[in-house]
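Thanks for making the time this morning. I would like to walk through one structure with you, beginning with how its chains meet and ending with some details of the backbone.

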Number of protein chains: 2
Amino acid sequence: MVAKTSFETRPCPIARSLDDVGEWWSILLLRDAFQGLKRFDQFQKSLEIAPNILTRRLNSLVERGLFEKRVYCERPLRHEYVLTAKARDFRPVLLSLLAWGNKHLAPEGPSLVVVDKADGRWAEPVLVDRQSGRQLDSDDFTMATGPMATERMRQRYRFASQGSGLPLVDNRPVDQNREEAPGK
Amino acid sequence: MVAKTSFETRPCPIARSLDDVGEWWSILLLRDAFQGLKRFDQFQKSLEIAPNILTRRLNSLVERGLFEKRVYCERPLRHEYVLTAKARDFRPVLLSLLAWGNKHLAPEGPSLVVVDKADGRWAEPVLVDRQSGRQLDSDDFTMATGPMATERMRQRYRFASQGSGLPLVDNRPVDQNREEAPGK
DNA sequence: CAGTATCCTGTCCGATACTG
DNA sequence: CAGTATCGGACAGGATACTG
């Protein structure tokens, strides 16, 4: 966590995301939670993390709305940590990270894959535009400033668009695309 | 970076990815690089990062094969930092992070969006399986250990699959799916 | 302009001991 | 079992000064 230049104050959604889950253990905790782990000692055994650190990370994720701390036993009092909707939306990030790691950091072959529960077949994660279905890592797409961008961001992106012929798309209503989006 | 329990030694592709790009500035540098920034002072102005730290992060990313340091001027000697293929493959992670941040951390509206260069329309990033086109954040898919998983990983995932009825898919050849994959 | 060299601080983390 | 309390170390990051 950066002290003075806290990312919380940055408007960029990527920076903000990092502020929420940018720490190593946080991501790994989410990974394990998606795998069904819920309890303190499960996480601890899985990650081999010091208990005080685990407490800290867990609390941080609860504070940031990624875990919900829930009582599963009254006496003795016991809690479990379950993923919130916000955290469940984080899964694409995790799976993208997984796919990237498998491609570039696992020359011996994958140790973790995404599978179709029904037939066990390995899935191959690709990021596409929901409406057109086109792949987002093509040259057809780029990042651009949105309506809430600061002047600083606009300048950075204005610079970047020079010579690349990118149109500067901006100040569009948030829901501009939703109208004709084919439901889910 | 974790000292003793370096993620480098972990087989999990997510942990390995974090070891490469798990630090805040690294991700933000990649974001800027995707936006076309290449030079030291461009990054520095954009991020408001201390020059020594910028040097450190840049070198780290070069070492890890995400940036290529290239001479663009002989005298005086000047370098620029350009994305490698490995880094370009990282884009889905960045865009997923961006989409998540926009959804959950930008109540005022987005400051950064993904757009179709052709018509300026906002894209909506969704992670799907390349072959079936089905969304990966549905309940149909899960993570499972691959052939190179350690016993530790298998145990964690064996536990997790209890009660959820997940089949344990394992020891399949790396290329099992490729055979009938409709070329890109 | 593109860095390098120093110094300092914050805090993330590990180890360990202890508790209901 | 599920944590809390305390201590110490490593290092990322900030500030600043300096160089070709």
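Let me start with a term that I will need shortly: two strands are said to pair if DSSP finds at least two bridges between them. Please keep in mind throughout that what you see is a predicted model.

With that term in hand, look at β5(A) and at strand β3 of chain B, residues 112-116, which are joined by five bridges and run antiparallel. If you want a single position to find this pairing on the screen, take Ala144(A), whose bridge partner in β3(B) is Val113(B).

That pairing belongs to a wider interface, in which 106 residues of chain A are in contact with 106 residues of chain B. The size of an interface is often given as the accessible area lost when the parts come together. For chain A and chain B the buried area is about 10800 Å², and carbon and sulfur atoms give 60% of that area.

Turning to the polar side of the interface, the count is 53 residue pairs in polar contact between chain A and chain B, taking pairs in which both residues are at pLDDT 80 or more. The side of chain A that touches chain B draws at least two residues from each of α1 (13-21), α2 (24-34), α3 (40-47), α6 (91-104), β3 (112-116), β4 (125-129), β5 (141-145) and α7 (151-161) of chain A. Which of these gives the most to that side of chain A? The answer is α6(A), with 13 residues. By residue type, the side of chain A that touches chain B divides into 56 nonpolar, 21 polar and 29 charged residues.

As for the charged groups, the rule finds 10 salt bridges across the interface of chain A and chain B. One salt bridge to look at is formed by the side chains of Glu124(B) and Arg130(A), with a distance of 3.1 Å from N to O.

How, then, are the two chains related? Chain A is superposed on chain B by a rotation of 180 degrees, with 0.0 Å of shift along the axis and an RMSD of 0.0 Å. That is the relation of a two-fold axis. Among the residues of chain A, the one that comes closest to the rotation axis is Leu127(A), at 2.2 Å for its C-alpha. Moreover, 100% of the interface residues of chain A are also interface residues in chain B, so the copies meet through the same surface.

Let me now move inside chain A, where strand β1, residues 67-73, and strand β2, residues 78-83, run antiparallel and are joined by six bridges. Arg70(A), for example, has Glu80(A) as its bridge partner in β2(A). The connection from β1(A) to β2(A) is a hairpin through four residues.

The loop between β1 and β2 of chain A is also where Pro76(A) is placed, and the peptide bond from Arg75(A) to Pro76(A) is cis, with omega near 0 degrees. In chain B, a cis peptide bond joins Arg75(B) and Pro76(B), with omega about 0 degrees, and Pro76(B) lies in the loop between β1 and β2 of that chain.

One last backbone detail concerns Glu48(A), in the loop between α3 and α4 of chain A, where phi is near 55 degrees, a positive value in a residue other than glycine. Glu48(B), too, has a positive phi of about 55 degrees although it is not a glycine, and it lies in the loop between α3 and α4 of chain B.

Methods: Residues numbered from 1 in each chain as written. Chains lettered and ligands numbered in written order. Predicted model: local features only at pLDDT ≥ 70, side-chain atom pairs only at ≥ 80, totals over all residues. Heavy atoms only, no water. Contact = heavy atoms within 4.5 Å. Buried area = accessible area lost by both parts, 1.4 Å probe. Salt bridge = Lys/Arg side-chain N within 4 Å of Asp/Glu carboxyl O. Polar contact = N/O pair within 3.5 Å; in protein donor to acceptor, adjacent residues only side chain to side chain. Nonpolar A, V, L, I, M, F, W, Y, C, P; charged D, E, K, R; others polar. Least-squares fit on C-alpha atoms with pLDDT ≥ 70 in both.
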